[in-house]
Amino acid sequence: MADPTIPINELDLVLATLELVPEARSAYLRQECGDNANLQARVLELVRNAEASGSFMRRPALERMPETQMHGTKIGDRLDRYRLMEQIGEGGMGVVYVAEQVEPVRRKVALKVIKPGMDSKSVLARFDAERQALAMMDHQNIARILDAGTTEHGLPFFVMELVRGLPITTYCDQSCKGIRERMALFVDVCRAIQHAHQKGIIHRDIKPSNVLVTLHDGKPIVKVIDFGVAKALHQPLSQHTIYTALNQVIGTPLYMSPEQLELSGLDIDTRTDIYSLGVLLYELLTGSTPFDQEQLMKSGFEEMRRIIREDDPPRPSQRVTTLPKAELSTAANRRGLNDRTFSKSVASEIDWIVLKALEKDRNRRYESASGLLEDVQRYLNDEPVLACPPSWKYRLQKLARKHRASIAIAGTLLSGLMIGLMLTTWQWRRAVAAEQGAVESKLLLEQQVRLADNRLALAEQTIDDMYIRFASDWISHQSGLGAVQQEFLEKALATYEQLAADDRTDTEPRLGAFVALYRASAIHQRLGNIEKATQGALALIEKADRVTQSNPGNVDHRLYRSRARLLLTNIHDNRGETVKKIELCDAVWSELQEIAQRKDLTADQRRLLATCASSLASALTPIKSREQLAREAADRSVQLAQSLVEFTPNNFSFNVTLANSLQSKGTQCLWWGKENEASLSAYQESKNIWRHLAEERPDYRTAIASQASILQNMAIVLRRLKRTDEEFAARIEQCGLLREYCVRFPEHPQEISLLGDVLRKLAYAEETRGNHAKADEYWTECVDRLNSLVERFPDNRMGRKTLAMALNDYAHHEKKRGNGERARKVLELGRERLKLFTEKYPDDREMYVFQIQILTKLTGLCLEQADHSMAASIAIELLNASSEERKAAIRGTDVIDPRSYWGSVAVAVRSKKVFEHCLEMLNADQDIAEVDKKHIEEEYLTNLTACIVEVARSAMELIQVENAGPNLWAKLSKGIDTLGTWEYLVAMPNVENFESHSQLEINAKVLDALQLHCLQVADLPKFWPDVVLVMASSERFCSRPDELLAICRRGLEQMPDDASAKQALAWTLFRCGQDAECRDLLEIDTVNPENGFVLSMALAKLGDHKLAQERFDQASLFLETEKGMLEARRAHEPAPQQPNLETLMRLQSEASIALQDQQP
Amino acid sequence: MTDVTYLLDRIEAGDQKAAAELFPLVYDELRRLAQWKLADEKPGNTLQPTALVNEVYVRMVGVKQGLNFKSRSGFLSAASEAMRHILVDAARRKLTRKHGGDVERMELEVDRILVQHPKEVLDVHTALDALAEHNVQCAELVKLHYFGGYSIAEVADVMNISRATANRWWIYARAWLKTAIESH
């Protein structure tokens, strides 16, 4: 039986019960709770709920992403049956180790494990593809795959046969293999590669170090290793990787095909391996690579590319004869030859074979590894080879191709011309059609119509090319449009609209008309003609519906219908019409899925499909109920785009599609917040592609802008992952890109404002790191750029906003660093700018928000600097700003909570002048009901009081800081003019807190002020009793009680029902010794604890000790309750209005002493 | 204007009122930051309470050395409370929307905060006050963990209790709240 006097803790009971097996619980609780059946039941219920809490509160109110842990592998780790012994290689995606297999047999193997952080879905898929590819291959010249698995952290790995051998060139040299032997070994290499190609695997990185020779029973066996790595990595070639290669003297570029060196660099097929095989053969034969390693390394990147793409290497036989003497001898010795025989050993047939493999144009190379192999074998068998010297015609063609002119600028000029041409063609075609009956020769007519149609098609094609090349860039881009762009778009719009109208009444409308209609809608949307854009899109959908009904197999029209729907989702999204948006999205998805089923899609249709899927994914990502759909759409889009690019690696628009798809995949993962690594890797991939695209086409600004915006988002992810240094690096990179962009395209305000924004963030970061000097540089650049931006492009909203934010933050930091003056200058600039903005754009609510922020800060700063008059005048501005914001909000039909509105004003308001102004405005405000006005006014008054007390406090703080107590008088005396009587009144009693010696003087001053105030205004302000109460709460108060009493009586006359007025009088009565009158006043209402203490003191003085004690106890109880309530209220009120507990407690102790003293 | 660091110093010195004064400042900053964050970036941004609170902390307090335990806890507590208000606001709006609220209305950016289960948020919010009357510390723990987004381990550090205790309290508090909500 538990001791009933000990309070039983519910928490302990519940937790103890939870630890028991269910059967033992009842007995335990009976023992602990005794007869308390309620408690037993209660505990059991809690236990039940603890055990069956299900998903309740499982996740925080706002979901937080799990910290991604890095679970890398290291030497000594055991993965499954393998122990990692030594790292032998590392690529972008994985690490290769020598590992020891423990069972069933003890042997050494090569183990490749994916790197932590690379386990995004797409990388995993490719890793898996590589593993499967290797598993598919079964060839004695290819290292075998033995096993696969995943680490305990879910990273996949696979195990391969460990090949310990020498690079083929080294092996041949060391064992002095002759030309024929070398060629025989090379045949084995070709066999391995041919086998791989048959399995659809491209090696991409054939070089001696990947072609090893081991001895098996004394017989050399070729083993090709590192298969499919480059392909699986899918790493576009970049300057960086090449330099890395060079620096590590891997010599990779020496074996790279010209197409591998293309910067868009994804155009790789099996013929790339043929080229590399050619290089390998060249080296095996001559002892050196076609291009001199040193020379390549000396030349810059561009020069290197040029050499490999354009220069013809010396024929092998030529190379051998031109070798320097020493080298020639060495090479000859290594082939078991002397100088002379070596020179002759390389026959012209061998030259042809090698050169055919090394053709710049892959169409002219051997079509397959077996083709090469067979030719080599023909040579070895002394049969005529198929390879032959290249013709002159071919050489001429090659020359012409070398001089591709850049049409970037010409293109823009041409576009106008093309539009003109198009229009005439179009008119002509119509004219011809109209004259149909009049023309005699039907043949001629048909011919003309056909010709016209051809010309129309050509013109259509041309303008579409132009559009895709330039205008689509402007349309997809959020930047403002320059005059030229606007003009182009308008012209294009006119053209497209005409084209769209030129739709013969056939049941099958021309696709061109569809495209035109779509483009016209997109342009309309871009130009802000939302209604027209909507109409266009709807018309398109309707037309497509008709076509689809009569011919469901027409994919193009359906794709354009999806595009039109997606365009509409955009419009709905902007209007917040989510339901409509979702409906459209669902329709698009089912359409896309249907289309994707088809096997006969053209590349362009697949591109459109990918684009639609990607837009759909972006549209759906924020919609919770469609998360799965959004994911599928994004993955589908990436997958489609990837296969397109793989198939036609050099196609610019396919690469754009892939970059876009990956980008929206990255954004999707970012948005959901849980797949940070996936987001990063998709972004990284996308960014790489954009970079190549930008290099390929310097005028394609989307490529740069996209990189910048990717970096911006990557920075967010990195911040989430707390990878601060990388985040910082990403911002720096973004900053660099945007700076470059702004130099190249100075007319785009959007990017300037983005640059401003990133500079702001960098400044922030530097501030955090404590590099204030560096931060200053960023701040200055940021403010300068944005300042000139808003001057040059006053209509750019983003620029205004960013500037406002930057000034706000800059001031914040300057102030934090103690540079009050600089902070003030910055804020002054902000004040001036925002005044301008709000005047010019009265409907932009956000500007008011910023204005309010800046003015609030400025008011605070002025107050801190004791510049009260300035603070007051800024506060009025602040008030106006708040009021304007309210108006703008009402215009925007957004209902704004009046409390927050007045609240935000009141925080900054600390002067009577402002207060009056504020009341005036409140009363003039017709949107607020009279009832509400009263309520607001009250609230406002409360805020005001609190603020004024704060003014007083900050005045004191200031003095404390300056350690100049005596100056207070001067300041406060001056204050009476600037602060106004009211503030002064409140401020004065506070002085006592630290300057008790001048107590009397202070009180006298207060009284003077009070009287002055009473004289000045006929009506006492409603809040004056508070002042009196503050003074009367302390015994030390009152040098001239009679005068104060007179004021109090007058106050109560004016406000007979006001509790505070009554209280003030009662307290003053008590302080002046008129206890009986005080008692009479207070006995009416004893609920107020403050009054209770005063009353008990008065009663004690009057001799009624019993009642005095009673009142005292009652008041004490109230006080305790009050304390408890405050605690409770603190938990759920933003800022509970605090009863003056200090005063109460002081009164309590004063009363308890008084009661003891008066004790008979 | 009252400076946060000043308030924190006062909390450090044991001033009870300072903690209450801190709240509106943190609240404003949080709201503003949340708003900026949402306005700032392209679509693709979810708010993280901890990240927000931490950022506010850095913005308002800076990486001030030597800030003692008490004032840091004070700040995090105030910030979690502020976060609670923001979330409850968002949850309320979300629920009103669902019940045929005015969808056409222009959305404040802060409304884009994704509260996954608004009903639960509001229920917990209401019941939490009752829990606070019953057991202040458990309520504080719920506030930091559920609304502030801190892990139980982090909360234990902030509240200066062992992780085991924090876990036990959490089990109890959740059962308590569930009971309270269900009986309502």
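## Exercises on helix packing

α1(A) passes α3(A) in a right-handed crossing. The model is a predicted one.

**Exercise 1.** Determine how the axes of α1(A) and α3(A) are oriented to each other, and which residues make the contact.

Solution.
- Step 1. Locate the helices: α1 covers residues 10–19 of chain A, and α3 covers residues 37–51 of chain A.
- Step 2. Take the geometry: the two axes come within 9 Å and cross at roughly 55 degrees.
- Step 3. Classify the angle: α1(A) is therefore oblique to α3(A).
- Step 4. List the contact: α1(A) contributes E10(A), L13(A), V14(A), T17(A) and L18(A), while α3(A) contributes V43(A), L46(A), V47(A) and A50(A).
- Step 5. Sort by class: seven residues of this contact are nonpolar, one is polar and one is charged.
- Step 6. Consider the spacing: an α-helix has 3.6 residues a turn, so residues three or four places apart point the same way.

**Exercise 2.** Find the angle at which α27(A) and α28(A) pack, and the classes of the residues in their contact.

Solution.
- Step 1. Locate the helices: α27 spans residues 652–672 of chain A, and α28 spans residues 676–696 of chain A.
- Step 2. Take the geometry: the axes lie 8 Å apart, at an angle of about 155 degrees.
- Step 3. Apply the cut-off: angles over 145 degrees count as roughly antiparallel, so α27(A) and α28(A) are roughly antiparallel to each other.
- Step 4. Give the handedness: α27(A) and α28(A) make a left-handed crossing.
- Step 5. Name part of the contact: the residues of α27(A) include F652(A), L662(A) and C669(A), and those of α28(A) include A682(A), I689(A) and W690(A).
- Step 6. Sort by class: the contact of α27(A) with α28(A) has 13 nonpolar, five polar and two charged residues.

**Exercise 3.** Compare the reach of α25(A) with its expected span, and decide whether this helix is enclosed or open.

Solution.
- Step 1. Count: α25(A), residues 603–620, has 18 residues.
- Step 2. Compare: from first C-alpha to last, α25(A) reaches 25 Å, close to the 26 Å expected at 1.5 Å a residue.
- Step 3. Check burial: 15 of the 18 residues of α25(A) are buried, so this helix is largely enclosed by the rest of the structure.

**Exercise 4.** Describe the make-up of chain B.

Solution.
- Step 1. Count elements: chain B has eight helices and zero strands.
- Step 2. Give burial: of the 184 residues in chain B, 46% are buried.
- Step 3. Give contact range: among contacts in chain B with a separation of 6 or more, 67% join residues 24 or more positions apart.

Notes: Residues numbered from 1 in each chain as written. Chains lettered and ligands numbered in written order. Predicted model: local features only at pLDDT ≥ 70, side-chain atom pairs only at ≥ 80, totals over all residues. Helix = DSSP H or I, 4+ residues; strand = E, 2+ residues; numbered from the N terminus. Buried ≥ 20, exposed ≤ 12 C-beta atoms within 10 Å, placed from the backbone. Contact = placed C-beta atoms within 7 Å. Axes fitted to C-alpha atoms, helices over the stretch in contact; angles between N-to-C directions. Parallel < 35°, antiparallel > 145°, perpendicular 65-115°, else oblique. Left-handed = near helix turned anticlockwise from the far one by under 90°. Nonpolar A, V, L, I, M, F, W, Y, C, P; charged D, E, K, R; others polar. Expected span 1.5 Å × (residues − 1).
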